[in-house]
Amino acid sequence: MSIYVVSSGDTVDTIAEAFHVSAYSIIDANQLVYPYALAVGQALFISDTPLSSQKPSIQTGGYAYTYISPWVLAQTLPYLTELFIFSYGFDMEGNLVSPPLDDAPMISASWQADARPVLTLTPLDASGQFNNNLISSVVRNDSYKNNLIQQLLNTLRTKGFAGIDVDFEYIQAADRDLFTAFVRDLADTLHLYGLTVSVALAPKTSAGQPGLLYEGKDYPALGAIADNVFLMTYEWGYKYGPNMAVAPLNMVRRVVDYAVTEIPPEKIHLGIPNYGYDWPLPFERGKTVAVTIGNVEAVQIAIQNNAEIYFDSVSKSPYFNYAKDGIPHEVWFEDVRSIQAKFDLVKEFGLGGIGYWQIMRWWKANWLLLTESF
């Protein structure tokens, strides 16, 4: 397996000849679009072995909304050991709220592909925003908490889920220990039936890190209770923030450095973004809104605008600039180089797994690289 960075004058045919592989294998693995133009600086996955889907040796999960394309789901499931179905919610009294679309086909497809279907629980309100008042209402009232736990157990057993992933964000600091108690009670209940509990964790770099995103998560306590934890190591570059790498490796490393001091490495799953952002420039806080794009789409934007792709040596992330209708743009995304750097981090720390937010877009080179790496 090789990662090749395109130089000026390269074509698919000349690259294929240099590596003694078929042009089709390069086109297929990298989802190149006819007439197979390339961008200078584009990273290509190249393999001299037959390309096939197979389970990696490491635990690998992916989040998906219930409206995922059945084709994308079918293509991706062979590479997953867990499918996180996003998402179930709840009301102030702890009554479970199902996702808008039936998730039974996803659960069935997951089992058929030998991937564990996992119910993702979030405190999303009717507007689709994380609402910490919902969290407070449930964790502060034993009746509401027990109601939610019982409904979750019934749903998992009735629908055929293998476990639950608790993705509560913006927990109030005053609710930190109550949230931990909720996860403990949930785990104690589900473990009796052979069901698992995982917890999504905000990317902390220290125990006392201030901020609403961090103060409600007790890393060591949650790590001891949960079967595994999911580090949300992305969104440094985000929709409403300044133009920068989504998951810069230097920042990801800081999170992992701290996490392994509080949680056994084999319980930690590293979060990886399957997306990028396109920012119009100049950035103005409160005004600029980036467009979310896929990683394959990002390369096509570079090709269409004759932009050269660069690779930042600190964040280990690709980026490029272009102009459209007189407006400058900057794009940060993931490619096989940035993903390989994250895989290397997983190996370095002996982490137990990898999780993708999210798998709504098909990115074949990533999955092929995963199976080559683990």
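Before I show you the aromatic residues, let me say that rings of Phe, Tyr and Trp, the last taken by its six-membered ring, are called a pair here if their centres lie within 6.5 Å. The model is a predicted one, and by this rule the count in it comes to 28 aromatic pairs. Such ring pairs link Tyr63, Tyr65, Tyr67, Phe84, Phe86, Phe230, Tyr234 and Trp357 into a cluster.

Let me take one pair from that cluster, namely Tyr65 and Tyr67, which are stacked, with 5.1 Å from centre to centre and 20° between the planes. As for their surroundings, Tyr65 is partly exposed, at a relative accessible area of 24%, whereas Tyr67, at 53% relative accessibility, counts as exposed. Another pair is formed by Phe320 and Tyr322, whose ring centres are 6.1 Å apart and whose planes stand at 35°, so this pair is tilted. Here Phe320 counts as buried, with a relative accessibility of 0%, and Tyr322 counts as buried too, at 11%.

I turn now to a pair of helices, α9, covering residues 249-262, and α11, covering residues 336-349, which pack at an angle of about 20° with their axes 11 Å apart. Since angles under 35 degrees count as roughly parallel, α9 and α11 are therefore roughly parallel to each other, and α9 passes α11 in a right-handed crossing. On the α9 side the contact is made by Leu249, Val252, Arg253, Val256, Asp257 and Val260, and on the α11 side by Ala341, Lys342, Leu345, Glu348 and Phe349. What is the character of the residues in this contact of α9 with α11? They divide into seven nonpolar and four charged, with no polar residue among them.

Notes:
Residues are numbered from 1 along each chain as its sequence is written. This is a predicted model: local features need pLDDT of at least 70, side-chain atom pairs count only at pLDDT 80 or more; totals for chains, interfaces and linings use all residues. Side-chain values use heavy atoms; hydrogens and water are left out. Axes are lines fitted to C-alpha atoms, for helices over the stretch in contact, and angles run from 0 to 180 degrees between N-to-C directions. Helices (H or I, at least four residues) and strands (E, at least two) are DSSP runs, numbered from the N terminus. Angles under 35 degrees count as roughly parallel, over 145 as roughly antiparallel, 65 to 115 as roughly perpendicular and the rest as oblique. A crossing is left-handed if the near helix is turned anticlockwise from the far one by less than a right angle, and right-handed if clockwise. Contact means heavy atoms within 4.5 Å. Ala, Val, Leu, Ile, Met, Phe, Trp, Tyr, Cys and Pro count as nonpolar, Asp, Glu, Lys and Arg as charged, and the others, Gly among them, as polar. Rings of Phe, Tyr and Trp (its six-membered ring) pair if their centres lie within 6.5 Å; planes under 30 degrees apart count as stacked, over 60 as edge-to-face and the rest as tilted. Buried means under 20% relative accessible area, exposed over 50%, partly exposed in between (1.4 Å probe, protein chains only).
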